[in-house]
Amino acid sequence: MSSQHPLVVILAALWFSSLAIFIPDPIWLAVLLLLCLLFRGSLVGFELKLWVRQIGKFIPLIALVIIFQIIFSDPGISLKGGHYLDLSGAGFRTGVNVSLRLLIVFFSAQVLLRLSYEDFDLAFRALRLPEELCFMVFYVVHLIPAATGQIKHNLRLLHLRGIDLNKLRWKAKLQLYQRISLTVIAGLFSGSDIQATALDLRGFRSSGPRSCLHTRSFGLSDLALTLVLAGVTSLIIITI
Amino acid sequence: MNAPLFQLRDLDFAYPSHPPLLRKLCLTVCMGDRILLTGTNGSGKSTLLDLLAGILKPSSGMLLLLDKAPAEQSPEAFLDLVFRRQKAEDDLFGLVPRHDLEAWRLAWPERFSEPVVQGLKDPLLDKLDTPYSRLSAGELRAFTLLWLPLLVDKFWLLDEPTAGLDPSRKQRFGELCAAKEAPGYLIVSHSGLLPNSLFTRVLSLENGALKELG
């Protein structure tokens, strides 16, 4: 995927998402989002159009979070006092923080999604962790994208049959959605089962030392990234 | 009946980070055509069908289903088409064949009514409630073709429809194609598996280019 060792990439993604949860300062969260975008860009390319499209999809959610926080948070500094409604400045700040956190977690998760099974295997092998764990983590990381793909596939099946969901009655629509969700859940379970069996058949969990087709050593770029992350962590600790 | 259904002009297609698979394809498919599309493995036959169904979008060039790109067409535009992919599991809706039947029934309530379906008298109807995971590959394939007799007035786009079928089902499928009046079909298959008499046009896809064989 990149010149970076997969373990460093995974740790960096976890670092971004963990810090996003713990940092209370919106400026630092904005800096973190920027760093996260740079990190993702350096690994898989700066696909600006894709980023804008992805952020665009978040806008309704972000707006909703900010509106709810402004209305329902403890007032703090009141933005606009009213008899029935007291708009909250603290709520606005919380709303911005939550939105930035969502974006950071989303973009760091996107980095993990670009890693192949082989990358996960290399990372877990470097930590001497069992391959079972690697398989489970890899499967869980890809669970939501796999489910999204299956939902789209099922909706396409209906589209290709000439069924316009918007024109269906509520009862029929609900029944279809229920079937789609059951199919997706069942597909994910049976998919993991099939993949586990396929791995078993390839000698997964067999005794003896593990062998691998491709190996990878840690390089200077891994050291540089680790130092940058450590530096930013120290800076955050000092300033907050 | 010979109105153009699909029109391709200088169509190029490449999967991301891969060399071009289809180059400058030009093709017009009319409602009455009976086309066999052949080609070696990996030549792009299934990809071409996915493009026609709007599952994939061309990298460049023009592709129209009636008057619009397939990917932008409304569901209504697909009412005159039956599309079957190479992997049978990709065509079946829900967890059991009954869910698939009921989805068809939503599109065509009378055509897929219970008496009409039972009138097909196919032994597979006893397995309508058997989960797909417990059906064999051949049975899954047979289920994807089971409703074709009820859809003879549609244009069929079928990707290797006889793969995995037993000889008697293969024969029945051939008979169904032979008896089918217009609209016609575009069938992806390796040459020799279906009699040439079923087709009015034979196309070969090799090295990204289409060649009309006869």
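Chain A exposes about 14500 Å², and carbon and sulfur atoms supply 69% of that area. The model behind these values is a predicted one. On the inside of the picture, buried residues account for 38% of the 240 residues in chain A.

As for how chain A is put together, there are 9 helices and 2 strands. Going along the sequence, the order is α-α-α-β-β-α-α-α-α-α-α. Contacts in chain A often reach a long way along the sequence: taking those between residues at least 6 apart, 69% join residues at least 24 apart.

Back at the surface, R53(A), K57(A), K152(A) and K57(B) form a positive patch. One of these residues, K57(A), sits in helix α3 of chain A, which covers residues 48-72. K57(A) counts as exposed because its relative accessibility is 67%, and the cut-off for that label is over 50%.

Over in chain B, L25(B) gives a view of the opposite situation. L25(B) belongs to strand β2, made up of residues 22-30 of chain B. With a relative accessibility of 1%, L25(B) counts as buried, since that label applies under 20%. Leaving aside residues up to four places away in sequence, L25(B) touches L8(B), R9(B), D10(B) and L11(B), along with L48(B), L205(B), G208(B), A209(B) and L210(B). As for F13(B), 12 residues separate it from L25(B) in sequence, and the C-alpha to C-alpha distance between the two is 9.2 Å.

Definitions and conventions. Residues are numbered from 1 along each chain as its sequence is written. Chains are lettered from A and ligands numbered from 1 in the order in which they are written. This is a predicted model: local features need pLDDT of at least 70, side-chain atom pairs count only at pLDDT 80 or more; totals for chains, interfaces and linings use all residues. Side-chain values use heavy atoms; hydrogens and water are left out. Patches are made of residues with over 30% relative accessible area and no salt bridge: like charges are joined within 9 Å, nonpolar side chains (Val, Leu, Ile, Met, Phe, Trp, Tyr) within 5 Å. Accessible areas come from the Shrake-Rupley method with a 1.4 Å probe; for residues, only the protein chains shown count as cover. A salt bridge is a side-chain nitrogen of Lys or Arg within 4 Å of a carboxyl oxygen of Asp or Glu. Lys and Arg count as positive and Asp and Glu as negative; His and the chain ends are not counted. The place of a charge is taken as NZ of Lys, CZ of Arg, CG of Asp or CD of Glu. Helices (H or I, at least four residues) and strands (E, at least two) are DSSP runs, numbered from the N terminus. Buried means under 20% relative accessible area, exposed over 50%, partly exposed in between (1.4 Å probe, protein chains only). Contact means heavy atoms within 4.5 Å.
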